[in-house]
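Okay, hi everyone, thanks for coming. I'll talk you through one model today, so have a look at it first.

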Amino acid sequence: MSEAVQSVDATSRPLRRSVFQQIISNKTVWRGVIAIIAFAMLWEIGAQFKAWFGIEIWWVGKVPPPSEVFTTWYSVVQRPGYWESWYLSFFRVFLGFIIAQIIGIPFGLALAVNRYFREIFFPPFEILRPIPPLAWVPASIIFWPTTELSIAFVTFLGAFFTIVINVLGGARAIDIQYLRAAQSMGASQWDLFRRIILPGTLPSIFTGAAVGMGITWEVVLAAEMISGGGQQAGGGLGFFIWSSYMGGAMEQVIVGMISIGIAGYLSSSLIRYLGTVSMPWRRLF
Amino acid sequence: MNPNKATKTESPSSLEPPTGFWLFLYRANKGVRTSTPYLMFFGIALWLVTYYLFNEGWKLPLFNKIPGPVEVITEWISRDPIFGMSLFTEAYHTNIYVSCQRILIAFSIATSVGVPLGLFMGWSKTFRDYTFPILETLRPIPILAWVPLAIIMFSGFETPIIFLATLASLFVTTLNTLLGVDSIDESYFRAAGCLGSKPRHVFWHVVLPGAMPFIFTGLQISVGVAWFSLVAAEMISGDFGLGYMIMDSYMQNKYVTMVMAMITLGFVGWLTSAMVRFAGDRMMQWRVRALALEGR
Amino acid sequence: MQAATATKGAISIRNVTKIYDPEGVNVMAVDDCSLEIAPGEVCMIVGPSGCGKTTLLNAIAGFHSITSGEIYLDGEMLCGPDKPIADQGADRMVVFQNGALFPWKTLLENVAYGPIVQGIMGKKEARDKAQDILAEAGLADFSMKFPGEVSSGMSRRAEIVRALINDPKVLLLDEPYRAMDALTKSIMHESLLEVYDRTKVTIFFITHDLEEAIFLGDRVVVMTTRPAKTKKIVNVAIKRPRDYTVLSSEEFRLLVAEAKGAVHEEAIKAFEAGERELA
């Protein structure tokens, strides 16, 4: 027994395995890899054979197999139009998203801080909120002089409601004791706002931003598909998908889908990264 | 033996807290005495008047292109609408009915698949390890990007639309259910183990009720995204429904009908999410009562 | 519930060591700890936060494995070299630090849960029994309430009732009164003593509070800071049944003085180490 205890003592100081070792020895990682490979293989088989003993394979049989998708992708990435679509979609997403942040955060905070402001402006806000953002697309096209502006407006709306609701909820959930503690140390109204309410709301702001980012991508995509990509050449990833579909190039449609998936993932990773950088106190362990 | 019981029988019901209808009256009475309802009406009136003045009053640029509130309301309640659709026309009802039916189907499928899927993923580590990566790979792809694929995979009008709404709800419901299982405090599992539960007891008495608050939060979001996707799908490739009504009126320059459809959509969407919330409260009395005591 | 003399519930902890391995960092929580608990004994474990007391309890209850050593209950091995983790069972009932009554069940359903899932009683029978035993604990009027609707003292009492309905050999309590105010705590102490006098169940009770330990216990085991070992064992010879007057007796004060030095020394060590508590 004492021997075992001795050896234990020797290793009781921190001794971390390298990150690589940890990943390699992690069962979860391996299972994930296996699952995705199996998924891709089933898709490939289903799409290649189209029929099984004379019975047509449902759904998957009509979809191009992953091998063809990747070949197409290889040729697509060499076209500048594809990258232009990336750029245009990103531009639209971030334009609407940033405007929504700039207007939504102060609006949400004002709703949270001032009771009268909340009771007057929250009801109309709640009436408009349940209308899905895409339902605004035609109205927005009528209202705004250019397609680009109308896409920006709908994108803005998509993120705006989520952000406001999150900011409002977050700011109202701040423990009143923090405010009292600050007041007892002689904080002014502005200090309370700047030092307590704003940082206290940050987690909700980022939650709202992450959700809002997802919605913005949906909206931009839909707007691009509905409005036909605007007057510019290229026209964004949504238009890329739509025109590929119209031209019957299903491989390209799937390339577009995956591209948008990657784009959306990159954007939400950015939000998460900004979240961890700006909220060091939330980095536990 | 119990002093409380004795006093209760002496003074009937005067000390009992109000319930049901009386509670509602009590709250309404208290509410009317604060400024809240008046400010609410003021807010809504302010918004409508601003809209009216910008639009039909001063006819500002940009605003003059969209229909004003008076025009919309007149058309809406007219028995003989100029653009063919109002509260009293068959076509309007059909559109609402078709959309609601689609939502009902999509939501039912998504819930009956998503909740068990999420529960199993939360319950079994192995199952989760194999399924979660696939879910996470597919999830970042916006639902709208599935439109062309849905059209070629499923023939007809109806199935692709329902597929899209179902898919959107399914992701949300599954993930929230999974989160719900993760959120259950370890000590409940331990307590269940101590008390001699078999795995099926743990599933029915701990996993399911413990995840319930998250499941219902998920279901509320899920109804929202189902409407979102449904509208998009109907706008792109529909033959009926509120989304189609918006797009069709836009194409035919019936802007008044378009605004009607938007507001209807907002109302119906709100109603469905209120129904989910109501169902959740009915199924989680334990939570409603505990939260009520905390003053929430 | 009439059993007044204890014949069951002897715990024997022999050379138990537990090493946690969170992400490759080895942390020794319990180091070669041995302890014999007699049937029907109230054994109080006192030690600084995060010292490994809970680890010991988790090992007995079967929530965690042990690295080496053995634990026996009434001569049967719970865990040992070939079986690092004990089976969870209704013979050892745990009352948790933060309370673990199922919030989605009423107090009655909570209490009736154990016998029903073990298949000992039918639904009706279990509910009747639960109602009786809740009434014994003064909770008859609260049986249809949810845990979220009653005070923490009430729900903690109901949790002990939920454990006792299963007629366990051992009651394992993990700082159950930690978050309570002193007045509620003293009521909880008396009700636990009353339960003990009635059932003579073996109690393994973890606490920070030395006075609580001496007031309730037959023996107080002072643990060292992490890794946990037994540092000092104080025998409490105060006769039962006890009530709050014991707290002002000379005997009680002497016992507190005897244990205080050892506890304080370890508290300082733990404080200066400043480590976070383990699971």
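Before I get to the interface, one term: a polar contact is a pair of N or O atoms within 3.5 Å, where, within protein, one has to be able to donate a hydrogen and the other to accept it. And keep in mind that this is a predicted model. With that rule, we get 5 residue pairs in polar contact across the interface of chain A and chain B, both partners at pLDDT 80 or more.

So which parts of chain A are involved? Helix 3, helix 6, helix 7, helix 10, helix 11 and helix 12 each bring at least two residues to the side that touches chain B. Helix 6 gives the largest share, with 9 residues. Sorted by class, that side of chain A has 44 nonpolar, 3 polar and 5 charged residues.

Now the area. People often give the size of an interface as the accessible area lost when the parts come together. Here, chain A and chain B bury about 4700 Å² between them, and 82% of that is on carbon and sulfur atoms. On the chain A side, Arg31(A), Ile142(A) and Phe143(A) lose the most area to chain B, together 15% of what that side buries.

Arg31(A) comes up again, by the way: its side chain meets that of Asp129(B) in a salt bridge, at 2.9 Å from N to O. The count between the two chains is 1 salt bridge.

Last stop, Ser244(A), which sits in helix 11 of chain A. Buried or exposed? It counts as buried, because its relative accessibility is 4%, and the cut-off for buried is under 20%. Leaving out residues up to four places away in sequence, Ser244(A) touches Ala249(A), Gln252(A) and Val253(A).

Definitions and conventions: Residues are numbered from 1 along each chain as its sequence is written. Chains are lettered from A and ligands numbered from 1 in the order in which they are written. This is a predicted model: local features need pLDDT of at least 70, side-chain atom pairs count only at pLDDT 80 or more; totals for chains, interfaces and linings use all residues. Side-chain values use heavy atoms; hydrogens and water are left out. Helices (H or I, at least four residues) and strands (E, at least two) are DSSP runs, numbered from the N terminus. Buried means under 20% relative accessible area, exposed over 50%, partly exposed in between (1.4 Å probe, protein chains only). Contact means heavy atoms within 4.5 Å. Buried area is the accessible area (1.4 Å probe) that two parts lose on being put together, summed over both. A salt bridge is a side-chain nitrogen of Lys or Arg within 4 Å of a carboxyl oxygen of Asp or Glu. A polar contact is a pair of N or O atoms within 3.5 Å; within protein, one must be able to donate a hydrogen and the other to accept it, and residues adjacent in sequence count only if both atoms are side-chain atoms. Ala, Val, Leu, Ile, Met, Phe, Trp, Tyr, Cys and Pro count as nonpolar, Asp, Glu, Lys and Arg as charged, and the others, Gly among them, as polar.
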